[in-house]
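Student: Could we work through this structure together, one question at a time, with the reasoning spelled out at each step?

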Amino acid sequence: MDTEDFNGSSALIARVKDYAKAVLTKERYEHLVRVAETAFRLCKKYGLDASRGYLAAIAHDMCKDMSDEKIAALAREDGKAITPLEAQKLSLLHGRAAAVMLRVDFGVTDNDILQAVAVHTFGEEGMCSLSKVVYVADKIEPGRPQMTKAYSASLESLSLDELVEKVLADGIAYLKKKGCAVAPESERLLRSLNCR
Ligand SMILES: [Fe+2]
Ligand SMILES: [Fe+2]
């Protein structure tokens, strides 16, 4: 991808990328790049600033290989309550931790980018369009096993809200089938999209 595509944020993107590459496993870093490229493409498709999508996506999992304690300590700096589900599994705070790090260590003040990183795991009712793109890109990047040609084609004609609704509904169905807990934030987001 050409750095000119990044609308003046290429130096910042390069710094976050270098950090992520240095601290993450190779597999995780490759996931980040695929999510960033997917977010870039989706931003262009839905009329959003693609460089902001790329930046949020390249940062979204940058804290995921930290210890639970470090993730929780960083996440607490956002001043929000830790939910019961997050308290049960501290690694679920890795998005909130990454948003804090992006703001404090990388100087990002764009609230949509920070929200997109913070809520990428569960989504959030009323989240901004950039958050929707990053949420979806994380789940439909080409390395995901469910991303067959047919599944990918079934998403092509959807609006951004329809895409979030489909990906969210499929994700919740998968979690329920496996007997895993579904975050109330995700359930609320799906209900809000169903009631549009
Ligand atoms: Fe994540
Ligand atoms: Fe991810």
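**The metal site, the core and two helices**

Tutor: We start at the metals of this predicted model: the iron ion (ligand 1) and the iron ion (ligand 2) lie 3.6 Å apart, and Asp 61 coordinates both of them.

Student: Which protein residues are the donors of the iron ion (ligand 1)?

Tutor: Along the chain the donors of the iron ion (ligand 1) follow the spacing D-x32-H-x25-H, and they lie 2.1 Å from the ion. The aspartate contributes through OD and each histidine through NE2, which gives Asp 61, His 94 and His 120.

Student: How many residues apart in sequence are the parts that His 94 and His 120 tie together?

Tutor: His 94 belongs to helix 6 (residues 94-104), whereas His 120 sits in the loop between helix 7 (111-118) and helix 8. His 94 is buried, with a relative accessible area of 4%, and His 120 is buried too, with a value of 1%. Because one lies in a helix and the other in that loop, the pair ties together parts whose separation in sequence is 26 residues.

Student: What is the arrangement of the four donor atoms around the iron ion (ligand 2)?

Tutor: The iron ion (ligand 2) is coordinated at 2.2 Å by His 31 (NE2), His 60 (NE2), Asp 61 (OD) and Asp 138 (OD), residues that are spaced H-x28-H-D-x76-D in sequence. Of these donors, His 60 is buried at a relative accessible area of 0%, and Asp 61 counts as buried at 2%. The four donor atoms subtend angles of 82 to 175°, which makes the arrangement irregular.

Student: Which helix gives the largest share of the largest nonpolar core?

Tutor: The largest nonpolar core has 65 residues, and those with the most contacts inside it are Val 16, Ile 58, Met 62, Cys 63, Leu 102 and Val 136. The largest share of this core amounts to nine residues, and they come from helix 2 (residues 26-45).

Student: With which residues is Met 62 in contact, leaving aside its neighbours within four places in sequence?

Tutor: Met 62 is among the residues with the most contacts inside the largest nonpolar core. With its neighbours within four places in sequence left aside, the contacts of Met 62 are Val 16, Tyr 19, Ala 20, Val 23, Leu 24, Ala 98, Met 101, Leu 102 and Phe 106.

Student: Against which helices do the buried residues of helix 2 pack?

Tutor: Helix 2 has 20 residues and reaches 29 Å from its first C-alpha to its last, close to the expected 28 Å. Its buried residues include His 31, Leu 32, Val 35, Ala 39 and Phe 40, and His 31 also coordinates the iron ion (ligand 2) through NE2. The buried residues of helix 2 pack against helix 1 (10-23), helix 3 (50-59), helix 8 (129-140) and helix 10 (160-177).

Student: Within what arc do the buried residues of helix 10 fall, seen down its axis?

Tutor: In helix 10, Leu 160, Leu 163, Val 164, Val 167, Leu 168 and Ile 172 are buried. They line one face of the helix, because seen down the axis they fall within an arc of 150°.

Student: Which residues on the other side of helix 10 are exposed?

Tutor: The buried residues of helix 10 pack against helix 2, helix 8, helix 9 (149-155) and helix 11 (184-194). On the other side of helix 10, the exposed residues are Lys 176 and Lys 177.

Definitions and conventions: Residues numbered from 1 in each chain as written. Chains lettered and ligands numbered in written order. Predicted model: local features only at pLDDT ≥ 70, side-chain atom pairs only at ≥ 80, totals over all residues. Heavy atoms only, no water. Core = buried A, V, L, I, M, F, W, Y, C linked by side-chain atoms within 4.5 Å. Buried < 20%, exposed > 50% of the residue type's maximum accessible area, 1.4 Å probe, protein only. Helix = DSSP H or I, 4+ residues; strand = E, 2+ residues; numbered from the N terminus. Contact = heavy atoms within 4.5 Å. Expected span 1.5 Å × (residues − 1). Donors = N, O, S within 2.8 Å, 3.2 Å for Na, K, Ca; no water. Tetrahedral: all angles 85-135°; square planar, octahedral: opposite > 155°, others 65-115°. Arc of directions from axis to C-beta.
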